[in-house]
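Trainee: Could you walk me through this structure? I would like to learn how each label is earned.

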Amino acid sequence: MHLIQNPAPDVTHHLHPTDTISSLSLAYNVPPHVLRAHNNLYADNLLSARRTVSIPGSHYKGGVSLSSTPIDSEEEIARKTNLRKFMVGVKCHEYDVAELYMKQADGDVEAAIEAYRADEKWEKENPYHSKVKGKEVTARRKPPGSGAGLTGQLS
């Protein structure tokens, strides 16, 4: 007689700013690639845009989450939700950058996205040029045979 074992249920882990795929993998003894696949994460930096991750019961038999349930006010939950909407909307994985744009837009997701895209456009239209001792420096290679030798002397 074979006993059919029911797989353990998945566990919800409430994320904290210091959580990473590696730290979760170690804490729950679940391989990182399994965590990524189970949560549809194709890059580790996308973890910062989430509130929770699901720990697969197929690999974690503990059955209990190792995280505490967050106690956020309704206002804080709304702020974090808008922050995640902005990060997903512009594909920004840098939490500090997202917070800056949202703060400048007074929490208005659409205004923050518009400002971010305007800054991206400006950066593309205005490539960086550096000035060194009054001379503008651009990243240009000298054509072959331009007279400069290996030591920088004319040949």
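Trainee: Why does D44 count as partly exposed?

Mentor: First, a word on the source: this is a predicted model, where local features need pLDDT of at least 70, side-chain atom pairs count only at pLDDT 80 or more, and totals for chains, interfaces and linings use all residues. Residues are numbered from 1 along each chain as its sequence is written, and side-chain values use heavy atoms, leaving out hydrogens and water. Now, buried means under 20% relative accessible area, exposed over 50%, and partly exposed in between (1.4 Å probe, protein chains only). D44 has 37% relative accessibility, so D44 is partly exposed.

Trainee: What makes D44 and R36 a salt bridge?

Mentor: A salt bridge is a side-chain nitrogen of Lys or Arg within 4 Å of a carboxyl oxygen of Asp or Glu. The side chains of D44 and R36 meet at 2.5 Å, N to O, so the pair fits that definition.

Trainee: How do you know that the length of helix 3 agrees with its residue count?

Mentor: Helices are DSSP runs (H or I, at least four residues), numbered from the N terminus. The expected span is 1.5 Å times one less than the number of residues. For the 17 residues of helix 3 (residues 74–90) that gives 24 Å, and the end C-alpha atoms are 25 Å apart, which agrees.

Trainee: Which residues of helix 3 are buried?

Mentor: They are L83, R84, F86, M87 and V90. Seen down the axis of helix 3, these fall within an arc of 160° (taken from the directions from the helix axis to the C-beta atoms), so they line one face.

Methods:
Helix = DSSP H or I, 4+ residues; strand = E, 2+ residues; numbered from the N terminus.
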